[in-house]
Amino acid sequence: MSQSTGTIITVAPTGAEHAKNDVPNLPVTLAELVSTAQDCERVGAAMIHVHIRDDDGKPTLDLGRLKDTVAALRDQTNLIVQLSTGGAVTDPESDRLRVLDAMPDSASCTMGTVNFGDDVFLNRWEFIVELHKGMRDRGIVPEYEIFDLGQLATLHRLLDKHGPPAGGHVHVDLVMGVPGGMPGDVETLVSAMRLIPDGATFSATGIGRSTLPVMLASLSAGGHLRVGMEDTISYARGERVKDNAQLVARAAGLARIAQRPPLASVHVRELLGVKGEKGLADVAV
């Protein structure tokens with residue numbers, strides 16, 4: 001695997017699972033999302049993994065809203081904008097593919113079907129291939145989401161049959177601790193590392209109570225981090241998360257302790273092969 005002396009910190013501020021009524025501090029409007037992104041950038045985030053909501057606070061893949069979101073985040077932050085193509089587990093494949101037409105810097109590409117709590121997150125092989133090719137055609141850098149170890153075999157199959165992604169660099173996010181997916185523990189992370197393609201980088205995401213164990217294990221193994229209220233709404237036992245910036249600040253602090261401080265977005269763009277006007281603007285500064 002490719003090693004780095006710094007740490008990519010991605011924030012996933014909203015997701016599609018939590019309801020605003022249950023989590024009042026969840027950012028669901030565009031203004032809330034932009035404000036959250038700015039706060040998280042200030043304390044160490046370089047990339048934002050985005051789900052959006054409609055006027056009622058429900059998950060949506062409305063293309064107009066997605067385009068407005070990408071434009072606002074690019075205009076008001078230097079973050080790499082990554083859209084989720086997962087959406088909610090009920091979203092049809094056609095809507096998930098249309099996410100790419102919002103032309104983000106990056107997008108998620110999940111490598112297989114997984115039980116997701118009481119639901120099923122469906123990702124057929126043909127759909128995965130279409131996402132991979134669609135991103136490459138548009139110059140959108142994928143982040144290959146891995147919910148179980150067998151999905152890393154699917155990633156090898158995808159790259160062998162259909163070639164490298166846009167940008168040429170393979171970056172993986174290990175999503176650990178989802179009920180129905182791989183557990184969020186050190187042993188599983190080590191097993192995953194043995195299966196990650198040569199030259200690839202990886203981030204790790206710990207869901208719920210696995211947040212801290214996965215974060216510490218990933219840092220010690222040379223990996224990167226994704227944190228945010230999509231993945232946990234608890235900061236400590238009996239303590240709710242104040243906001244997404246609190247989670248990013250903790251990740252940044254631990255990265256510095258590990259002597260792998262947070263990477264600025266300009267360096268993450270170079271590492272992951274993210275191109276575009278924002279990247280050129282960053283280099284010029």
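Reader: What relative accessibility does D101 have, and how does D101 count on that scale?

Author: This is a predicted model, and the value is computed from it. Buried ends at 20% relative accessible area and exposed begins over 50%. D101 has 33% relative accessibility, so it counts as partly exposed.

Reader: With which residue does the side chain of D101 meet in a salt bridge?

Author: The partner is R138, at 3.0 Å from N to O. R138 is itself partly exposed, with a relative accessible area of 33%.

Reader: Where along the chain do these two residues lie?

Author: R138 belongs to helix α4 (residues 125–138), whereas D101 sits in the loop between α3 (93–98) and β6 (106–110). The two residues are 37 apart in sequence, and the pair therefore links distant parts of the chain.

Reader: How many salt bridges does a search of the whole structure find?

Author: The search finds 13. One of them joins E126 and R124, whose closest N and O atoms are 3.2 Å apart. E126 is partly exposed at 48% relative accessibility, and R124 is partly exposed at 36%.

Reader: Are D173 and R226, which also meet in a salt bridge, buried or exposed?

Author: D173 is buried, with a relative accessible area of 0%, and R226 is buried as well, at 5%. Buried requires a value under 20%, so both residues qualify. Their side chains meet at 3.7 Å, N to O. This pair links distant parts of the chain: D173 is in strand β10 (residues 171–176) and R226 is in strand β12 (residues 224–227), 53 residues apart.

Reader: Which residues are linked with D173 and R226 in a network of salt bridges?

Author: The network also includes E145, E230 and D231.

Reader: Which residues line the second largest cavity?

Author: R226 appears again here, in a lining formed with A204, T205, G206, T211, V214, M215, L225 and V227. The elements that give two or more residues to this lining are β11 (201–206), α7 (211–220) and β12. By class, the lining divides into 5 nonpolar, 3 polar and 1 charged. The space inside is about 30 Å³.

Reader: What is the volume of the largest cavity, and which residues lie nearest its centre?

Author: The largest cavity holds about 70 Å³ of space. Its lining has 13 residues, and those nearest the centre are H51, I52, T60, L61 and G87. The lining residues divide into 7 nonpolar, 5 polar and 1 charged. In the whole structure, the search finds 2 cavities of 30 Å³ or more.

Reader: Which residue in the loop between α3 and β6 has a positive phi?

Author: M103, found in that loop, has a phi near 55 degrees, a positive value in a residue other than glycine. M103 is partly exposed, with a relative accessible area of 36%. Q259 also has a positive phi, of about 60 degrees, although it is not a glycine. Q259 is placed in the loop between α8 (244–257) and α9 (265–272). Its 68% relative accessibility is over 50%, and Q259 therefore counts as exposed.

Reader: What pLDDT does the protein chain average, and over which residues is the pLDDT below 50?

Author: The chain averages 94, and 95% of the residues score at least 70. Over residues 279–285 the pLDDT is below 50, and this stretch has 6 contacts in the model beyond near neighbours in sequence. Where pLDDT is low, the predicted coordinates should not be read in detail.

Note on methods: Residues are numbered from 1 along each chain as its sequence is written. This is a predicted model: local features need pLDDT of at least 70, side-chain atom pairs count only at pLDDT 80 or more; totals for chains, interfaces and linings use all residues. Side-chain values use heavy atoms; hydrogens and water are left out. A salt bridge is a side-chain nitrogen of Lys or Arg within 4 Å of a carboxyl oxygen of Asp or Glu. Helices (H or I, at least four residues) and strands (E, at least two) are DSSP runs, numbered from the N terminus. Buried means under 20% relative accessible area, exposed over 50%, partly exposed in between (1.4 Å probe, protein chains only). On a 1 Å grid over the protein atoms alone, a cavity is a set of points where a 1.4 Å probe fits but cannot get out, and a pocket is an open set with protein on both sides within 12 Å along at least five of seven lines; lining residues have an atom within 4 Å of a point. Grid points are joined across faces, edges and corners, and a volume is the space filled by probe spheres set on the points. Ala, Val, Leu, Ile, Met, Phe, Trp, Tyr, Cys and Pro count as nonpolar, Asp, Glu, Lys and Arg as charged, and the others, Gly among them, as polar. pLDDT is the predictor's confidence in each residue, from 0 to 100. Contact means heavy atoms within 4.5 Å.
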